[in-house]
Amino acid sequence: MITRLAESLGYRVLEVRDGDGTLSVGGHDGASALRVGWRPLIVEGYTGSGSIDRFAIRTRDAAFRGSLRDLRGRLRHATRDTDPVELARPILGLLQPGHYGVRIWRDANVHIEPFGDNGTAWWYPYEPIGTEGTAVIPTDTWPPRDEETTAGYVDAIEDGDRPLAVILRSEPPGDEQDCASFLIDGHHKLAAYRRTGIAPHFLDIARLADRRPCEPADLRDVIDGDEKLQQSAAKLMRYLEDRGN
């Protein structure tokens, strides 16, 4: 079923057999975790408040907040006929073994959810202003600080280039208005797209697996004993614990 969904959305489905697992995404959309170096970096999910609000929590350990891979040289001049699987090879080698869908997602409708000082981001799907489309969760500083790099991408986009930022999802989107993705690479590219008003283009990688939530331990690790975060994530934690039993 999930393979058919991926193919219907334009993903190329493939099996990663020799990935080293240093980059992984687990769970299903609405209860997923991004892991870097076998440690959870971000957990996203529904708050369980009775509304449809969603949130993400990022670890406070600064060592895990850096960009994962510099793909500017390969992705900047990708053409309409570029093979998305070949573009994704450097990232596929970092993923845990399994099945994935890969596509070039053009003219994407997204909103960006940066983290506040407390390491959380909150949003409501289907809002008429500000949260239309897929939620993109940055893995690095947002907005990016290198103005010269952003300006260079602005010039390239205005000249007709469509550089690809890279997102990783826990599964193909069943509903683009209510789903989340992790921005693995391309923070300056995405900032440049926003500045020009042109819809961004992505190399979009989705994990294909059984719809099980991420592990409760992932959420505990990113909360790291913070009482306010524990309260915010209490219902999600109970859901993860119940499904894990």
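**Exercise 1. Find which backbone nitrogen a side-chain oxygen of Asp83 reaches at the start of helix H3.**

Solution. Step one: go to the start of H3 in this predicted model and pick out the side chain of Asp83. Step two: follow its oxygen to the backbone nitrogen of Val85, which lies within 2.9 Å. Step three: compare this with the cut-off for a polar contact, a pair of N or O atoms within 3.5 Å.

**Exercise 2. Decide whether H3 is largely enclosed by the rest of the structure, and list its buried residues.**

Solution. Let's start with the criterion: buried means under 20% relative accessible area. The residues of H3 that pass are Pro84, Val85, Leu87, Ala88, Pro90, Ile91 and Leu92. That makes seven of the nine residues, so H3 is largely enclosed by the rest of the structure. For the wider setting, 51% of the protein's 245 residues are buried.

**Exercise 3. Work out which helix gives the most to the largest nonpolar core.**

Solution. First, take the core itself: it has 32 residues, and Leu23, Leu34, Leu95, Ile137, Leu168 and Ile205 touch the most other members. Next, look for the top contributor: H3, spanning residues 84–92, supplies five residues. Finally, keep a second core separate: this one has 14 residues, including Ala233, Leu236, Met237 and Leu240.

**Exercise 4. Describe the protein as a whole through its helices and strands, its contacts and its surface.**

Solution. Begin with the elements: eight helices and twelve strands. Then turn to contacts between residues at least 6 apart in sequence, where 73% join residues at least 24 apart. Last comes the accessible surface, about 11400 Å², with 45% belonging to carbon and sulfur atoms.

Definitions and conventions: Residues numbered from 1 in each chain as written. Predicted model: local features only at pLDDT ≥ 70, side-chain atom pairs only at ≥ 80, totals over all residues. Heavy atoms only, no water. Helix = DSSP H or I, 4+ residues; strand = E, 2+ residues; numbered from the N terminus. Buried < 20%, exposed > 50% of the residue type's maximum accessible area, 1.4 Å probe, protein only. Contact = heavy atoms within 4.5 Å. Areas by Shrake-Rupley, 256 points an atom, 1.4 Å probe, with all protein chains shown as cover. Core = buried A, V, L, I, M, F, W, Y, C linked by side-chain atoms within 4.5 Å. Polar contact = N/O pair within 3.5 Å; in protein donor to acceptor, adjacent residues only side chain to side chain.
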